[in-house]
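This report covers helix packing, backbone geometry and one pocket. The model is a predicted one.

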Amino acid sequence: MRAFALDDFGGSATLRYMPAPMPEEGDVRVRVMAAGVNPLDSAIARGAISPRVKEVMRARLPLVLGMDVSGIVDLLGPGVNTVAVGDEVYGLPGKPFFGCGTFADLAVVSASTIAHKPASLCHREAAAVPMAAMTALTAMDIVQPLEGETVLVVRAAGGVGSFVVQMCAARGAHVIAVARAANADYLRGLGATQVIDYERTDPTMAAAALHPGGLDVLVDLLGGRDALTRLLGVVREGGRVACVSKPPDDLLAAQRIRAEVIMAVATTDRLAQVARLLDTGALRLPAIRSLPLDRALEALEESGRGHVRGKLVLTLPAGIPE
Ligand SMILES: NC(=O)c1ccc[n+]([C@@H]2O[C@H](COP(=O)([O-])OP(=O)(O)OC[C@H]3O[C@@H](n4cnc5c(N)ncnc54)[C@H](OP(=O)(O)O)[C@@H]3O)[C@@H](O)[C@H]2O)c1
């Protein structure tokens, strides 16, 4: 099969031929029709993985990149009875290591981290959803925004942010999105009521001016300890925070803020829940731009520059079987 892989962290990723992977107990092999691109893919390709992530996730070499998948079940591993060969599914590998990736004609994934593809979406669209929506749902579990509360979403125009903005707005929260001016209309269309252009204004000062009483909720998808520390200064006492970098404990204690680092939880039930929301129109797709698998390097470079609106997706039309 074709696979976009690298020989080690930081090595050159290339499109190459590799043996087809075989599903083990609890796994499913999927003929990949489309694969979403995530910042973690470009970080792995650059060798820019944090020691914390490396500690949790080992690598299988050669390392096939890619985490999001939408495709057709091709082979079942022992013990799998939740899907059948020929089913259209979407999801994530669900493996405790990197390397079993989806930028390939065939990918082995855990049956526990896939669900039937949303019926209303094509594979290209469905592949944009799993990682971003599961991360956004996890952020919602942490902060649980309530009707009328004010939520600041930093890095709102990316894949995760596009879902977070919608999920907060659907709960009746007042959403302030931080993004470039070019993304303001996009974010208003997803439910943001105000957009702070970080290129013209300091987001912390702008948020403080807009809500002197303090924010109820902060979802910080940008990270960086200093920026997060400043943002925590505009969260009200007793507020809730979901973030991608570790917040300073002393500040949280002083302000009685409950904060948690987001670690996306993906399950079949949660993917099925998101599929229902997409099929009923309660949740909308992020903006999507797609490229064929042989332009994976270009997609990773674009993702690495950090300004993708919504999601980038790789398409694998006529995948070569074995
Ligand atoms: N822990 C987990 O389980 C988990 C899972 C998935 C993702 N994540 C993390 O979640 C974060 C978001 O992921 P993602 O997939 O949504 O990323 P993404 O799609 O690559 O984000 C791209 C967006 O970032 C925005 N951006 C760039 N610089 C910004 C700035 N200074 N201020 C505000 N927005 C800025 C860009 O909008 P503009 O063009 O408007 O700047 C662009 O739309 C990443 O840190 C990722 O690693 C964590």
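## Helices α4 and α5

Helix α4, residues 130-143, packs against helix α5, residues 159-170, at an angle of about 45°, and the two axes are 8 Å apart. The angle falls outside the 65 to 115 degree range for roughly perpendicular pairs and is neither under 35 nor over 145 degrees, so α4 and α5 are oblique to each other. The crossing of α4 and α5 is right-handed.

On the α4 side, the residues in contact are Ala132, Ala133, Thr135, Ala136, Leu137, Ala139 and Met140. They meet Gly159, Val160, Phe163, Val164, Met167 and Cys168 of α5. By class, the contact of α4 with α5 comprises eleven nonpolar and two polar residues, with no charged residues.

## Helices α4 and α10

Helix α4 also packs against helix α10, which spans residues 268-280; the axes come within 10 Å and cross at roughly 100°. A crossing of 65 to 115 degrees counts as roughly perpendicular, and α4 is therefore roughly perpendicular to α10.

From α4, the contact involves Pro130, Ala133, Met134, Leu137, Thr138 and Asp141. From α10, it involves Arg270, Leu271, Gln273 and Val274. The class count for the contact of α4 with α10 is six nonpolar, two polar and two charged residues.

Ala133 and Leu137 of α4 appear in the contact with α5, and Ala133 and Leu137 are also listed in the contact with α10.

## Helices α1 and α11

Helix α1 (residues 39-46) and helix α11 (residues 296-305) have axes 8 Å apart and pack at an angle of about 105°. This makes α1 roughly perpendicular to α11.

Pro39, Asp41, Ser42, Ala45 and Arg46 are the contributors from α1, while α11 supplies Leu300, Ser303 and Gly304. By class, the contact of α1 with α11 has three nonpolar, three polar and two charged residues.

## Backbone geometry

Most residues other than glycine have a negative phi, and most peptide bonds are trans. Two sites depart from these patterns.

The peptide bond between leucine 61 and proline 62 is cis, with omega about -10°. Proline 62 sits in the loop that runs between β4 (58-59) and β5 (63-64). Arginine 155, which is not a glycine, has a positive phi of about 70°. Arginine 155 belongs to the loop between β11 (150-154) and α5.

## The second largest pocket

The second largest pocket holds about 320 Å³ of space. It is lined by 20 residues, of which Pro21, Arg60, Gly99, Cys100 and Val108 are the closest to its centre.

Which strand gives the most to the lining of the second largest pocket? Strand β9, residues 106-110, does, with three residues. By class, the lining of the second largest pocket consists of 14 nonpolar, two polar and four charged residues.

Technical notes. Residues are numbered from 1 along each chain as its sequence is written. This is a predicted model: local features need pLDDT of at least 70, side-chain atom pairs count only at pLDDT 80 or more; totals for chains, interfaces and linings use all residues. Side-chain values use heavy atoms; hydrogens and water are left out. On a 1 Å grid over the protein atoms alone, a cavity is a set of points where a 1.4 Å probe fits but cannot get out, and a pocket is an open set with protein on both sides within 12 Å along at least five of seven lines; lining residues have an atom within 4 Å of a point. Grid points are joined across faces, edges and corners, and a volume is the space filled by probe spheres set on the points. Helices (H or I, at least four residues) and strands (E, at least two) are DSSP runs, numbered from the N terminus. Ala, Val, Leu, Ile, Met, Phe, Trp, Tyr, Cys and Pro count as nonpolar, Asp, Glu, Lys and Arg as charged, and the others, Gly among them, as polar. Axes are lines fitted to C-alpha atoms, for helices over the stretch in contact, and angles run from 0 to 180 degrees between N-to-C directions. A crossing is left-handed if the near helix is turned anticlockwise from the far one by less than a right angle, and right-handed if clockwise. Contact means heavy atoms within 4.5 Å.
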